[in-house]
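Visitor: Please take one part of this structure and go through it closely. Start with the surroundings of a ligand, then work outward from there.

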Amino acid sequence: MYLPKVRELKEAITALIRGPYTHPFPKEPTPVPDNLRAAPRYYEDFCIGCGACAEVCPAGAITVEDIKTENKFIRRLTCDYGNCIFCGECQLNCTTDKGIQLTPEYELSYFEHSEALEIIEHELVICEICGEVVAPKSQLLHLYEKLGTVAFSNPTIYLTRMHEFNILPEGSRRDDRKIDRWDMVRITCPSCRRDVLLKEEWG
Ligand code: SF4
Ligand code: SF4
């Protein structure tokens, strides 16, 4: 009994002089290893809104919604940290490699559920014939850059780019839905593009 008490006393004095061995969490965040993979974050400069990360997420933590606001259509991607298991599949399979990246941020306790949501929004391009969603504008612009001159074989892609340059005026939505030759040079969804091509070929 005597010896252990001396050892404990020595340890107590050492602790008083050197300070505690443990980290002062939650007063200060505990230092983490450099390669720790925790909460994923979207990066606006690289994310194109394609939704591939949601497709591969094994936990169903990412949702994709196409929403009509007052004057435009947007795609909203939401990553819910309440469901995320930090597996890294979203980052691994991201179309641009950098649109979503896991960060070392591991401390994820919030008062409100809304604080546990990582959200990014993209403007959507709409079919000028039927009004259906074609794709996020940033995804079409990304394709334009990737394809180079080949992009000019797809009017939806090159017209989206031309509108960015303000070279061509943006087309207006049609009410009559009657297809004619002029629709060859419109932004269209795949279904309307098919109808336009069939009309051109077969009349
Ligand atoms: S670019 Fe990457 S992060 Fe953005 S929606 Fe596509 S897969 Fe997800
Ligand atoms: S880290 Fe894994 S679970 Fe979390 S959002 Fe990405 S794919 Fe889904």
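Guide: A residue is taken as near a molecule if its C-beta atom, placed from the backbone, lies within 6 Å of it. On that basis, 14 residues surround ligand 1, and the closest are Cys-47, Cys-50, Cys-53, Cys-94 and Gly-99. The model is a predicted one. By class, the shell around ligand 1 holds 9 nonpolar and 5 polar residues, with no charged residue.

Ligand 2 has 13 residues around it, of which Cys-57, Cys-84, Cys-87, Glu-89 and Cys-90 come nearest. This shell divides into 11 nonpolar, 1 polar and 1 charged.

Two backbone details belong to the loops here. Phe-86 lies in the loop between β3 and α3, the latter covering residues 89-92. Phe-86 has a positive phi of about 60 degrees, although it is not a glycine. Because 16 other C-beta atoms lie within 10 Å of Phe-86, this residue is partly exposed. Asp-97 sits in the loop between α3 and β4 (100-102). Its phi is also positive, about 75 degrees, and Asp-97 is not a glycine. Asp-97 has 11 C-beta neighbours inside 10 Å and therefore counts as exposed, since the limit for exposed is 12 or fewer.

Next, the domains. The domain assignment of the protein chain gives domain 1 as residues 35-124 and domain 2 as residues 127-203. Taken over C-alpha atoms, the centres of domain 1 and domain 2 are separated by 28 Å. In the contact, domain 1 takes part with 9 residues and domain 2 with 6 residues. On the side of domain 1 that touches domain 2, β3 (73-80) and β5 (117-126) each supply at least two residues. The most comes from β5, with 3 residues. By class, that side of domain 1 consists of 4 nonpolar, 2 polar and 3 charged residues.

From β5 the path leads to β6. Strand β6, residues 133-136, runs antiparallel to β5 and is joined to it by 3 bridges. One pairing to look for is Val-125, whose bridge partner in β6 is Ala-135. The two strands, β5 and β6, form a hairpin with 6 residues between them, and Gly-131 in the turn has a positive phi of about 85 degrees.

Val-125 also belongs to a core. The largest nonpolar core has 16 residues, and Val-125, Ile-126, Cys-127, Val-134, Leu-140, Ile-187 and Cys-192 have the most contacts inside it. At least two residues of this core come from each of β5, β6, α4 (137-147), α5 (155-165) and α6 (190-202). Take Cys-127 as an example: leaving out residues up to four places away in sequence, Cys-127 touches Glu-132, Val-134, Ile-187, Thr-188, Cys-189 and Cys-192. A second, separate core has 14 residues, among them Cys-53, Ala-61, Ile-62 and Ile-100. Cys-53 is also one of the closest residues to ligand 1. As background, nonpolar side chains in soluble globular proteins tend to be buried together.

Two helices that supply the largest core can be followed residue by residue. In α4, the buried residues are Lys-137, Ser-138, Gln-139, Leu-140, His-142 and Leu-143. They pack against β5, β6 and α5. After α4 comes Gly-148, with a positive phi near 65 degrees. In α5, the buried residues are Thr-156, Ile-157, Tyr-158, Leu-159 and Thr-160. These pack against β5, β6 and α4.

Tyr-144 is found in helix α4. It counts as partly exposed because it has 19 C-beta neighbours inside 10 Å, where 20 or more would make a residue buried. Leaving aside neighbours within four places in sequence, Tyr-144 is in contact with Ala-151, Ile-157, Tyr-158 and Arg-161. Of these contacts, Ile-157 and Tyr-158 are among the buried residues of α5. For a sense of distance to the second core, Tyr-144 and Ile-62 are 82 residues apart in sequence and 26 Å apart in space, C-alpha to C-alpha.

One last backbone feature lies toward the start of the chain. Phe-25 and Pro-26 are joined by a cis peptide bond, with omega about 10 degrees. Pro-26 is in the loop between α1 (2-18) and β1 (40-42).

Notes: Residues are numbered from 1 along each chain as its sequence is written. Chains are lettered from A and ligands numbered from 1 in the order in which they are written. This is a predicted model: local features need pLDDT of at least 70, side-chain atom pairs count only at pLDDT 80 or more; totals for chains, interfaces and linings use all residues. Ala, Val, Leu, Ile, Met, Phe, Trp, Tyr, Cys and Pro count as nonpolar, Asp, Glu, Lys and Arg as charged, and the others, Gly among them, as polar. Domain bounds come from an automatic or database domain assignment. Two residues are in contact if their C-beta atoms, placed from the backbone, lie within 7 Å. Helices (H or I, at least four residues) and strands (E, at least two) are DSSP runs, numbered from the N terminus. Two strands pair if DSSP finds at least two bridges between them. A nonpolar core is a set of buried Ala, Val, Leu, Ile, Met, Phe, Trp, Tyr and Cys residues joined through C-beta atoms within 7 Å.
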